[in-house]
Amino acid sequence: MIDTHTHLYDEAFKDDFEDALDRAASAGVEHMIFPGIDSSVHWRMMECASAAPDMISTATGLHPTSVGDNWKQELDFVEKRLAEGGWTAIGEIGIDRHWSDTYIREQTEVFRQQMIWASEASLPVIIHVRDALDTVFEVLDSLAGAGISMRGVFHAFSGSIETFRRIKTYGDFKTGIGGVVTYRNAGIARTVQDIPMSDILLETDSPWLTPVPYRGRRNEPAYLGYIAGQIAGLKGISSAEVESATTANAKELFNLK
């Protein structure tokens, strides 16, 4: 399996990072992707990734909740990192209106610029959306109208099948399915039944969004199999089929060797 979205470099793992890597490998996780957040955690992310370069790939990007008064400096930081090369994706980027709309104009500009950079660099994007789907679609509509090429993953996807179908009109986009699919009465469980396996990626978003039966505890990549198992049950196929399909999807989208 490939965990396409984990923050294993987060402070939540400062005391057992190496052990968490070992547990992930023992659970069948062969690779994982670290999404960027902002300059404050970048070097910690890169240090952790260097501990297991064959097992970890990295992305760079400015997360929407990190957009503030210094957004221009943070965006410059991303641009400098992109120039260094070697990235698997640009992310985690997007729009988040859950906490505040104070910087929504800046968030929109930051998102749009990083989407353009991704197109120029022929890299996929990792998109974060929270209470902002209409705003994200407005940006994507404007980019499509300008002929910008788009592909990537909608991280922690929780939308309807209609939302999924609209996303597919913009380009080769996958859905990142995580622990929420294991929660009772989770709407995404119904949607997953209708999403083709060719458009699903596995992710944990650890240390958050822990799947059942560990909900309420810190999440980690070793729990990825519970997500695969839930998807398998919803689709009436084996876990091995889910693991094989999602691994192939991740390798293709992120150009993993």
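**Notes on the predicted model**

1. Let's start in the loop between E8 and H8, which is where Pro-207 sits. The model is a predicted one, which is worth keeping in mind for the backbone details here. The peptide bond leading from Ser-206 into Pro-207 is cis, with omega near 15°. A second cis bond joins Val-212 and Pro-213, with omega about 15°, and Pro-213 also belongs to the loop between E8 and H8. Most peptide bonds are trans, so these two spots merit a look in your viewer.

2. Trp-208 is found in that loop too, ahead of helix H8 (224-235). Is Trp-208 buried or exposed? With a relative accessible area of 43%, Trp-208 is partly exposed. Together with Val-180 and Leu-209, Trp-208 makes a nonpolar surface patch of about 240 Å².

3. Glu-203 lies in the loop between E8 and H8, but its surroundings are another matter. The relative accessible area of Glu-203 is 2%, so the residue counts as buried, the cut-off being under 20%. Which residues does Glu-203 touch, leaving aside those up to four places away in sequence? Its contacts include Asp-3, Thr-4 and His-5, then His-155 and Ala-156, then Gly-176, Ile-177, Gly-178 and Gly-179, and also Leu-224 and Ile-227. One separation makes the point about sequence distance nicely: Glu-203 and Thr-6 are 197 residues apart along the chain, yet their C-alpha atoms are separated by 6.9 Å.

4. Now the sheet. It is open and has 8 strands in the order E1-E2-E3-E4-E5-E6-E7-E8, with parallel pairing. Its edges are strand E1 (2-3) and strand E8 (200-202), each of which pairs on one side only. Strands of a sheet pair through backbone hydrogen bonds, either parallel or antiparallel.

5. For checking the register, here are some pairings. E1 and E2 run parallel and are joined by 2 bridges, with Ile-2 partnered by His-31 in E2. E2 and E3 also pair in the parallel sense, over 3 bridges, and Met-32 stands opposite Ile-56 in E3. Further along, 4 bridges join strand E6 (residues 151-154) to strand E7 (residues 172-177), again parallel; there Phe-154 faces Thr-175 in E7.

6. How are the faces of strand E2 (residues 31-34) covered? His-31 and Ile-33 lie on one side, Met-32 and Phe-34 on the other, and all are buried. Strand E3 (residues 56-60) has 5 of its 5 residues buried, so it is largely enclosed by the rest of the structure. From E3, Ile-56, Thr-58 and Thr-60 point one way, while Ser-57 and Ala-59 point the other way. In a regular strand the side chains alternate between the two faces of the sheet.

7. Helix H4 (residues 104-121) lies across two strands, E4 (89-96) and E5 (125-130). The angle to E4 is about 155°.

8. On charges, the count comes to 14 salt bridges. Side chains of opposite charge can pair when their charged atoms come close. Lys-174 pairs with Asp-172, the closest N and O atoms being 3.5 Å apart. Of this pair, Lys-174 counts as buried at 6% relative accessibility, whereas Asp-172 counts as partly exposed at 32%. Asp-194 forms a salt bridge with Arg-190, where the closest N and O atoms are 2.9 Å apart; Asp-194 is partly exposed at 37% relative accessibility.

9. The network of salt bridges linking Asp-16, Arg-23, Arg-218 and Glu-220 is one you may want to inspect as a group. Within it, Arg-218 and Glu-220 have their closest N and O atoms 3.2 Å apart. Arg-218 is partly exposed at 26% relative accessibility, and Glu-220 is buried at 4%.

10. Finally, two phi values. Asp-131, in the loop between E5 and helix H5 (133-145), has a phi near 50°. This residue is exposed, with a relative accessible area of 54%. Ala-156, in the loop between E6 and helix H6 (161-168), has a positive phi of about 50° although it is not a glycine. At 30% relative accessibility, Ala-156 counts as partly exposed, and it is one of the residues that Glu-203 touches. Most residues other than glycine have a negative phi, so both deserve a glance.

Methods: Residues are numbered from 1 along each chain as its sequence is written. This is a predicted model: local features need pLDDT of at least 70, side-chain atom pairs count only at pLDDT 80 or more; totals for chains, interfaces and linings use all residues. Side-chain values use heavy atoms; hydrogens and water are left out. Two strands pair if DSSP finds at least two bridges between them. Contact means heavy atoms within 4.5 Å. Axes are lines fitted to C-alpha atoms, for helices over the stretch in contact, and angles run from 0 to 180 degrees between N-to-C directions. Patches are made of residues with over 30% relative accessible area and no salt bridge: like charges are joined within 9 Å, nonpolar side chains (Val, Leu, Ile, Met, Phe, Trp, Tyr) within 5 Å. Accessible areas come from the Shrake-Rupley method with a 1.4 Å probe; for residues, only the protein chains shown count as cover. A salt bridge is a side-chain nitrogen of Lys or Arg within 4 Å of a carboxyl oxygen of Asp or Glu. Buried means under 20% relative accessible area, exposed over 50%, partly exposed in between (1.4 Å probe, protein chains only).
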